Amino acid sequence: MVPTWHSLWSIVIIVMKKLSEAVSVVPIIAKADSLTLEEREVFKNNIRAEMHNNNIRLYPFDVDENDPEELALNETIRNIIPFAGVDSERNALIDGEPVRGRKNKWGVINVEDETHCEFVHLRNFLTR
């Protein structure tokens with residue numbers, strides 16, 4: 001999802017609703033580095049509300065077999081979703097150390113830094 005600053009496009013809602021009937025849906029905000037932290041949080045809250053209002057089921061689902069630890073982890077993930085992502089195909093240098101990130105005129109966006117984006121949370125979620 002590309003930030004629109006306000007809400008989801010109606011076509012995105014239709015597609016996500018259809019997809020959620022057949023597969024697990026994990027929304028990701030693309031180009032999250034184009035938002036301030038405040039804008040990102042507002043956009044995430046808007047997306048969560050729209051998904052709830054449109055009955056779009058998001059992964060992870062709670063099932064009867066889940067133990068209390070798994071239920072708590074699922075709740076933590078649901079509080080992060082949609083994940084805020086920053087794309088990087090290259091490494092950048094921070095203090096002489098290569099990191100997965102992207103350099104711009106304001107500095108380096110480190111994909112592995114949780115204060116820059118939520119890639120670490122997404123990776124851990126998908127590989128658990």
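**Note on a predicted model: E118 and its surroundings**

1. Start at E118. Leaving aside residues up to four places away in sequence, E118 touches R40, K44, I80, P82, F83 and A84. The model is a predicted one. E118 sits in the loop that links β5 to α4. Is E118 buried or exposed? Its relative accessible area is 10%. Buried means under 20%, so E118 counts as buried.

2. One contact of E118 deserves a closer look: P82. The peptide bond between I81 and P82 is cis, with omega at about 0°. P82 belongs to the loop between α3 and β2. Please look at this bond in the structure above.

3. Now the overall plan. The protein has 4 helices and 5 strands. Along the sequence, the pattern reads α-β-α-α-β-β-β-β-α. The C-alpha atoms fill a box of roughly 50 × 35 × 25 Å, taken along the principal axes. Of the 128 residues, 32% are buried.

4. How much of the contact set links residues far apart in sequence? Take the contacts with a separation of 6 or more. Residues 24 or more positions apart account for 59% of them.

5. Two pairs illustrate such separations. L35 and A84 are 49 residues apart along the chain, and 9.7 Å separates their C-alpha atoms. N45 and I81 are 36 residues apart along the chain, with their C-alpha atoms separated by 9.4 Å.

6. The settings of L35 and N45 can be given in turn. L35 lies in the loop between β1 and α2, the helix of residues 37–53. L35 is buried, because its relative accessibility is 10% and the cut-off is under 20%. N45 is placed in helix α2. N45 is partly exposed, with a relative accessible area of 38%.

7. Next, the last helix. Helix α4 covers residues 119–127. Which residues of α4 are buried? They include V120, L122 and F125. An α-helix has 3.6 residues a turn, so residues three or four places apart point the same way. The cover over the buried residues of α4 includes β1 (28–29), α3 (68–80) and β2 (83–84).

8. Then the sheet. It is open, and its 3 strands stand in the order β3-β4-β5 with antiparallel pairing. The edges are β3 (91–94) and β5 (107–110), each of which pairs on one side only. How are neighbouring strands turned against each other? On average the angle is 70°, with direction ignored.

9. Take the β3 side of the sheet. β3 and β4 run antiparallel, joined by 4 bridges. N91 has R100 in β4 as its bridge partner. The two strands β3 and β4 make a hairpin with 2 residues between them. D95, in that turn, has a positive phi of about 55°.

10. Take the β5 side. β4 spans residues 97–104 and pairs with β5 in the antiparallel sense, over 4 bridges. Here R102 stands opposite I109 of β5. In a regular strand the side chains alternate between the two faces of the sheet.

11. Two further residues have a positive phi and merit a check by eye. K31 has a phi near 55° and is not a glycine. K31 lies in the loop between β1 and α2. K31 is exposed, because its relative accessibility is 55% and the cut-off is over 50%. N55 also has a positive phi, about 55°, although it is not a glycine. N55 is found in the loop between α2 and α3. With a relative accessibility of 59%, N55 counts as exposed.

12. Last, surface and charge. The protein exposes about 8500 Å². Carbon and sulfur atoms supply 54% of that area. How many charged side chains of each sign are there? There are 15 positive and 21 negative ones. The centres of the two sets lie 8 Å apart.

13. To return to the starting point: E118 is buried at 10% relative accessible area. Its contacts include P82, the residue joined to I81 by the cis peptide bond. They also include A84, whose C-alpha atom is 9.7 Å from that of L35.

Definitions and conventions
Residues are numbered from 1 along each chain as its sequence is written. This is a predicted model: local features need pLDDT of at least 70, side-chain atom pairs count only at pLDDT 80 or more; totals for chains, interfaces and linings use all residues. Side-chain values use heavy atoms; hydrogens and water are left out. Two strands pair if DSSP finds at least two bridges between them. Axes are lines fitted to C-alpha atoms, for helices over the stretch in contact, and angles run from 0 to 180 degrees between N-to-C directions. Buried means under 20% relative accessible area, exposed over 50%, partly exposed in between (1.4 Å probe, protein chains only). Contact means heavy atoms within 4.5 Å. Accessible areas come from the Shrake-Rupley method with a 1.4 Å probe; for residues, only the protein chains shown count as cover. Lys and Arg count as positive and Asp and Glu as negative; His and the chain ends are not counted. The place of a charge is taken as NZ of Lys, CZ of Arg, CG of Asp or CD of Glu.
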